[in-house]
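Hi everyone, thanks for making time for this. I'd like to walk you through one structure, so have a look at the screen and then we'll go through it together.

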Protein chains: 4
Amino acid sequence: MTDKARAYFQIAASSGVPIYRQLIDQVKTHVATGALKPGEFLPSVRQVAAELEVNPMTVSKAYSLLEKEGVLEFARGQGMKIREGSASGDDLTKREDQMVPLLKEVVVKASQLSLGPEKVTRMLGNIWKREADHE
Amino acid sequence: MTDKARAYFQIAASSGVPIYRQLIDQVKTHVATGALKPGEFLPSVRQVAAELEVNPMTVSKAYSLLEKEGVLEFARGQGMKIREGSASGDDLTKREDQMVPLLKEVVVKASQLSLGPEKVTRMLGNIWKREADHE
Amino acid sequence: MTDKARAYFQIAASSGVPIYRQLIDQVKTHVATGALKPGEFLPSVRQVAAELEVNPMTVSKAYSLLEKEGVLEFARGQGMKIREGSASGDDLTKREDQMVPLLKEVVVKASQLSLGPEKVTRMLGNIWKREADHE
Amino acid sequence: MTDKARAYFQIAASSGVPIYRQLIDQVKTHVATGALKPGEFLPSVRQVAAELEVNPMTVSKAYSLLEKEGVLEFARGQGMKIREGSASGDDLTKREDQMVPLLKEVVVKASQLSLGPEKVTRMLGNIWKREADHE
DNA sequence: GTGGTCTAGACCACC
DNA sequence: GTGGTCTAGACCACA
């Protein structure tokens with residue numbers, strides 16, 4: 001049971017984004033990309049908490065909210081697993097849906113700054129290339 | 001002197017973003033677009049507070065932080081004005097700089113979701129068109 | 001957990017200098033002298049407020065500004081701690097830097113009064129000795 | 001009557017020090033150094049206000065406070081003049097007295113920073129020399 | 001438990 | 001008139 005949690009989650013301690021939100025987003029992403037399949041178990045609250053050095057309450061909160069959203073399912077005595085109904089396999093639509101809110105923000109901010117779609121698209125391309133080079 | 005504040009600021013009461021942050025961002029945007037020029041006075045704390053129906057302290061906090069950042073200058077007994085050194089006229093580079101952090105987020109999230117630049121660009125275009133239609 | 005705050009801060013109720021400024025200066029001084037080391041937690045806002053009998057918001061303002069300046073770091077749910085990058089150990093240079101502005105004032109005022117360096121130095125020595133005797 | 005005010009006063013618009021305080025200090029300094037002698041008239045409120053481009057109320061406030069302190073005397077229909085009883089000629093003691101509060105501040109701050117008199121004196125000497133070079 | 005944000009209302013210094 | 005500071009007390013997000 002070594003490093004099982006760290007395989008799934010990487011938290012950026014001080015990125016402004018709440019830790020529980022980071023956990024939630026990453027589970028969703030893994031489900032959307034198919035890295036986590038329906039029926040599969042997630043590492044336990046304690047395990048995640050220990051490995052990521054965060055408060056167990058924080059992990060628990062993330063799992064609870066995911067359960068309420070219908071992404072996870074509580075299997076008594078065994079832990080949390082990906083819900084059967086959950087986006088099977090690699091669902092492109094679901095992944096795209098996760099991008100939409102952020103892209104809307106981009107449109108709004110660009111309008112405020114009077115930057116047209118072409119200009120923004122060009123900037124986005126440049127940033128993408130630069131990031132790719134860094135890797 | 002009617003509605004001077006409302007011409008500059010529109011706050012989204014409960015968007016999660018703190019009011020004082022919204023004010024700060026909007027002043028910066030107006031400076032970047034040239035809507036507010038160096039030397040120009042901002043509406044007084046009390047005026048903004050009254051028109052937007054927020055607490056004067058909230059506005060004051062925004063102005064103070066903008067002063068600390070060097071965007072505003074305090075003219076004693078007269079109010080706050082745009083600092084002379086501040087981005088004069090309509091500075092395209094400065095406006096673009098304000099877009100960068102958001103676009104970086106897009107790149108990161110897209111990578112997590114294994115969405116390529118073409119796909120994201122297409123999505124962005126669609127959202128942009130849809131937003132335009134709504135107006 | 002008694003008097004933790006009073007060990008770090010002593011405010012001069014009505015010295016003209018705003019309370020939040022006094023707090024800021026004292027944190028900086030403690031960091032510069034090494035009394036507060038990187039990673040160390042400061043007493044909580046509420047604790048300081050209670051012990052010094054000032055409003056929590058006043059303490060909060062001081063802490064926030066120190067965070068903006070990069071001296072403190074906000075550990076969510078745990079409090080404020082000295083930022084890792086902050087002047088480690090006992091940094092003589094940093095302490096001296098804090099003296100410079102005041103000494104510049106001395107030079108300016110002395111020039112206005114046509115008082116030479118020797119005279120001022122002698123006066124400073126006398127005052128120092130007198131203060132020492134009082135203790 | 002050209003530039004009479006500017007010969008006596010130089011205000012640093014945004015030095016943090018209130019304008020009326022700067023005016024008061026400078027009158028006192030000029031009296032202490034003998035640049036302004038008892039019986040001599042100061043430039044009128046309007047003249048000072050116009051030449052320094054400050055609000056007449058501000059100049060008036062400075063003059064009033066100086067009158068209350070016994071430095072100035074109001075000569076009806078002629079303006080403000082240096083009070084007869086005021087420090088005659090070049091009073092060294094009076095000039096030194098004006099330095100004391102600032103030097104006390106130096107001692108206090110130095111103690112807080114654990115900087116000894118020798119070190120501070122050396123720093124003061126250096127700053128003095130540097131300032132002299134700049135002129 | 002932690003700090004962050006906001007409100008309502010007061011007083012002050014400055015112009 | 002301007003902003004700056006402080007208080008008292010409330011609610012929220014996060015760990």
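Let's begin with a contact to a base: a polar atom in the side chain of B:Arg46 sits 2.7 Å from a base nitrogen of DNA strand F. Please keep in mind that this is a predicted model.

Staying with strand F, what do we find at its phosphates? A phosphate oxygen of DNA strand F lies 3.4 Å from a backbone N or O atom of A:Ile19. Over on chain C, a polar side-chain atom of C:Lys61 is also placed 3.4 Å from a phosphate oxygen of DNA strand F.

Which elements build the surface here by giving two or more residues? Chain A offers helix H2 (19-33), chain B offers helix H3 (45-52), helix H4 (56-68) and strand S2 (79-82), and chain C offers helix H2 (19-33) and helix H4 (56-68). The most comes from H4(B), with four residues.

Stepping back a little, 27 residues surround DNA strand F, and the closest are A:Pro18, A:Tyr20, B:Arg46, C:Ile19 and C:Asn55. By class, that surface has 12 nonpolar, 11 polar and four charged residues. And on the DNA side, how much is sugar or phosphate? Of the atoms of DNA strand F within 4 Å of the protein, 68% belong to sugar or phosphate, and the rest belong to bases.

Now for the other strand, DNA strand E. There are 27 residues around DNA strand E, and those that come nearest are B:Ile19, B:Asn55, C:Arg46, D:Pro18 and D:Tyr20. Three of those names come with contacts worth pointing at. For C:Arg46, an N or O atom in the side chain is 2.7 Å from a base nitrogen of DNA strand E. For B:Ile19, a polar backbone atom is 2.3 Å from a phosphate oxygen of DNA strand E. And for D:Tyr20, a polar side-chain atom lies 2.5 Å from a phosphate oxygen of that strand.

The elements that each supply at least two residues near DNA strand E are H2 and H4 of chain B, helix H3 (45-52), H4 and strand S2 (79-82) of chain C, and helix H2 (19-33) of chain D. Here H4(C) gives the most, with four residues. The classes come out as 12 nonpolar, 11 polar and four charged residues. Of the atoms of DNA strand E within 4 Å of the protein, 69% are sugar or phosphate and the rest are in bases.

Let me pick out one of those helices, H2 of chain B. Helix H2(B) runs over residues 19-33, so to speak 15 residues, and reaches 21 Å from its first C-alpha to its last, close to the 21 Å expected at 1.5 Å a residue. Its buried residues are B:Gln22, B:Leu23, B:Ile24, B:Gln26, B:Val27, B:Thr29, B:His30, B:Val31, B:Ala32 and B:Thr33. Just after this helix, B:Gly34 takes a positive phi of about 90°.

Over in chain A, there's a hairpin to look at. Strand S1 (residues 72-75) and strand S2 (residues 79-82) of chain A pair in the antiparallel sense over four bridges. A:Ala75 has A:Gly79, in S2(A), as its bridge partner. Three residues lie between the strands of this hairpin, where A:Gly77 takes a positive phi near 80°.

Finally, how is chain A divided into domains? The domain assignment gives domain 1 (5-82) and domain 2 (91-134) of chain A. Taken over C-alpha atoms, their centres are 27 Å apart.

Terms used
Residues are numbered from 1 along each chain as its sequence is written. Chains are lettered from A and ligands numbered from 1 in the order in which they are written. This is a predicted model: local features need pLDDT of at least 70, side-chain atom pairs count only at pLDDT 80 or more; totals for chains, interfaces and linings use all residues. Side-chain values use heavy atoms; hydrogens and water are left out. A residue is near a molecule or strand if one of its heavy atoms lies within 4 Å of it. A polar contact is a pair of N or O atoms within 3.5 Å; within protein, one must be able to donate a hydrogen and the other to accept it, and residues adjacent in sequence count only if both atoms are side-chain atoms. Ala, Val, Leu, Ile, Met, Phe, Trp, Tyr, Cys and Pro count as nonpolar, Asp, Glu, Lys and Arg as charged, and the others, Gly among them, as polar. Buried means under 20% relative accessible area, exposed over 50%, partly exposed in between (1.4 Å probe, protein chains only). Two strands pair if DSSP finds at least two bridges between them. Domain bounds come from an automatic or database domain assignment.
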